[in-house]
Amino acid sequence: MEKFTDKDPETKSPDIVAENIEQLKEIFPEAFTEGKIDFEVLKQLLGGAVDEREEKYGLNWHGKRNARLIALTPSTGTLRPCPEESVDWEKTQNLMIEGDNLEVLKLLQKSYARKVKLIYIDPPYNTGNDFVYPDDFQDNIKNYLMRTGQMESDGRKNSSNTEASGRWHTDWLNMMYPRLRLARNLLSDTGVICVSIGDEELYNLKFIMNEVFGEENFRNAIALRRYDKNLSRQFMEFGLNSLSVGFEYVLVYCKSSNATLNPIFREASEERQASGYWKGFWNAPDRPTMRFSLLGVTPQSGQWKWKEETALEAVANYQEFIDRYSGSETLEAYWERTGKVKKFIRRNPAGQGANKGVEHWIPPSDGILRSSNWTDLLASSPLTALGIPFDNPKSIEMLQLLIQFTTYDGDIILDFFAGSGTTGHAVMNQNVTDSGNRRYILVQLPEMLDHDNNDQKVVADFCDKLGKPRNIAEICKERLRRAGKKIREEHPMFTGDIGFRVFKLDSSNIRAWEPDRDNLATTLEEHAEHLKTDRTEQDILFELLLKLGPDLTVPIEEKSITGKTVYSIGAGTLLVCLATEISEQEVEALALGIVEWYEELKPAGETQVVFRDSAFADDVAKTNLTAILQQYGLENVRSI
Ligand SMILES: C[S@@+](CC[C@H](N)C(=O)[O-])C[C@H]1O[C@@H](n2cnc3c(N)ncnc32)[C@H](O)[C@@H]1O
C-alpha cells in the first residue's frame, strides 16, 4: 500500500507544465533527448512559423512572465465542505466556493477540465476605486488567509488600485492574466467565455483575451448601457472634460471554432415592425409550408430558412459525401473543398439543441435577431425585492440572455468573480423558464466589508443582522438562499435544483513537510500523522475528490463495515475508509466487507481504494489488507 505524500502529483492540483510537456512529446517526440526539449530541433520542426524577430506584436507589462508562471504553479490548498451553510447538500449540483479565484481555479483543474460550457465573469473594472487582488508568488494560500482576516496579518492591507499607484494597469493585468489562462483549461471544446468590462481596461482585456483565447475566437463586443447616474453626480464625476460614460461591454470569445451559439431575439420596435426591412426578411417566421424534413429533423414550430429544393439539394450532397467519401475524407475537409452542406449543419454533426445541430432554422418569433447592441436592457436587479443591499449587481436579464445564447440543458456555468451571485440566480431563473437542468459554479472572495466606509456600511450592517461575518461571500450565499426560496414559492411546480453546496478555500489537509531544524525529533513524530488533526473526515474526502478527479457533486454513498465508515464515490470508482484505527484483527473482515460492496457496485473501470495511513499499527496489517483486496481485483490501494 503506497502512501500519498505532499510530493505526489495526485495530492496537488495538476502540474500544468508537466502536462504541456507530455503533449509536446506526443506531437514532437524527435524534439526530446534524454527527457529534455531540444529547442533547435523543435524550431526546425516548426519551420517558418517561429517568430524570431526582436520586436514582436503584443502587449507587454512588468510582471507578465511571473503572471504566466503563477498560473502554472500547482496549488497547495484544498476546498473544505460546509454542509451547514449549504442548501439541499445531498442532492444539489450547484457549487458556491468561497476563496481567492486563482487558487480555486487551480483546484478545479482536475475535476472540471473541459467541462464548463459558459464562463461569465465581471471582474473589477479598475475604475480607481476597486480592490484588485494582489497575488503572492511565495505562498498564495497564506496570503489569502491573511488578506481575508482568517489568519493574523503581517500588515497586508486591501486597498483600492488607484491611478496614483504608478502600477495601475500593471496590477490589474497581473491579476487577470493567470486567471484567464486557468479558466481556458476549464472550458469545453464548444465553450464560450463572456467578460464584462468598462472603458478603463477594455483594450488591455481585448489584448490578453486575444493572446489567451486566440484572436480568431473573438465573437463580439456586446455594448450595454452603463447605469444612469443623476445629473449632479454625472457632473461631479465627469465635469465638462468629457461626456458621461454611457456604455460598458461584454467581450465574447469561444474556446474553438466548434463552439455553438444559439440565436437570440429581441422584440422589434413598432417602428421596425412597420418598416420595409422588418417586413422583408424576417416577416412571419412561422410558416408551416417551410417545415419539411431535413436531415431527420422536422421542425414542429418555426421554419427552415431555405426553400425546400435548395435545402434538399444540399442534403443530397451530404448523403453523397456519406456514401462516397466517408472514411476517406473528413466532413470538415469535404466542406472546405466543396463549400457544400456547410450551411445546414453545425460543425458538431452529433448535434445539440432543439434542432439537433442543424442550422438555418428560424424559431417562431415576434422579434428580430439580436445584434451586439444590448443597450435596450435596463440595469434591473431583483436584489431589492429579496431585501439585500448590494451596489451595482449585474442585470439578471443580461445574464439570462447570455445563458440562452451559449448554453443547453445540463451545461455547467462558471462565474469566478461572483459578487452577489447574479449568475447563480440567472441560471435558476433560466432553468425555470425552459425547465432546464443547467448547473452553476460560483467563486467569491470573502472580501471584507468595512463598517467605517460609507459605501459599505449598509451591507456590513446587513451581515451583522444575519449574524454572519461581514464579507461579500456571505451576501452571495444569502442571495442564493433567498432567490431559491422565492423561486420555489412562485413556481411550486418547478422541481429543478435551487440548492448549492458551499466549499471554502483553505490550506491542504495534508501537512507540508516543513522540518523544524532545531527540533527534528518532534517534526518526525508529528509527521507520523501527516493529515492535519483539526480536519474532519469530510474535509479529507473532498480533498481526495479534488485531487483524484471526480466532480464535487458526485454522489457519495456511505456504509458501515465492521464498525468502520466506508465511502463509495462515483458508484464505486473510489472507495475510501478514513477510520483512525484499524487493528490487525479487523483487517480481514474489513477487506472482505469492502470486496463484497465492490462486487455489488460493479463499477465501470478501475477502482482505487484509499485508507488513512496512520490507522495501521504496523506494516503487517497494511500488507495483509492490500493482499486481500488485490486478490479480488482491487489492485490500486493507497494510503493518505
Ligand atoms: C464587480 S464584482 C461582481 C458583481 C457581480 N457580477 C454581481 O452581479 O453581483 C467583482 C467581485 O469579484 C470579487 N473578487 C475580486 N477579486 C477576487 C478574487 N481574487 N477571487 C474571488 N473573487 C474576487 C470582488 O470581491 C467582487 O465582489
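1. Which polar backbone atom is 2.9 Å from a nitrogen atom of the ligand? The atom belongs to Asn101. This is a predicted model, and the distances below should be read as values computed from that model.

2. Two further contacts involve ligand nitrogen. A polar side-chain atom of Asp100 lies 2.9 Å from a nitrogen atom of the ligand. For Leu445, a backbone N or O atom is placed 3.2 Å from a ligand nitrogen atom. Asp100 thus contributes through its side chain, Asn101 through its backbone and Leu445 also through its backbone.

3. On its own, the ligand has 600 Å² of accessible area, and the protein covers 92% of that.

4. The surroundings of the ligand consist of 19 residues. The closest of them are Asp122, Lys394, Ser420, Thr422 and Glu447. By class, the shell holds 8 nonpolar residues, 6 polar ones and 5 charged ones.

5. Turning to the helices, H14 spans residues 396-406 and H15 spans residues 422-434. Their axes are 9 Å apart, and the two helices pack at an angle of about 60°. H14 is therefore oblique to H15. The crossing of this pair is right-handed. Thr422, listed among the residues closest to the ligand, is also where the range of H15 begins.

6. H15 also packs with helix H17, which covers residues 472-490. The axes of H15 and H17 come within 9 Å and cross at roughly 15°. Because angles under 35 degrees count as roughly parallel, H15 is described as roughly parallel to H17. Here too the crossing is right-handed. H15 thus takes part in both an oblique packing with H14 and a roughly parallel one with H17.

7. How far apart are the axes of H20 and H21? They are 9 Å apart. H20 comprises residues 584-601 and H21 residues 619-631, and the packing angle is about 25°. That angle makes H20 roughly parallel to H21. The crossing of H20 and H21 is right-handed.

Conventions:
Residues numbered from 1 in each chain as written. Predicted model: local features only at pLDDT ≥ 70, side-chain atom pairs only at ≥ 80, totals over all residues. Heavy atoms only, no water. Near = heavy atom within 4 Å. Polar contact = N/O pair within 3.5 Å; in protein donor to acceptor, adjacent residues only side chain to side chain. Areas by Shrake-Rupley, 256 points an atom, 1.4 Å probe, with all protein chains shown as cover. Nonpolar A, V, L, I, M, F, W, Y, C, P; charged D, E, K, R; others polar. Axes fitted to C-alpha atoms, helices over the stretch in contact; angles between N-to-C directions. Helix = DSSP H or I, 4+ residues; strand = E, 2+ residues; numbered from the N terminus. Parallel < 35°, antiparallel > 145°, perpendicular 65-115°, else oblique. Left-handed = near helix turned anticlockwise from the far one by under 90°.
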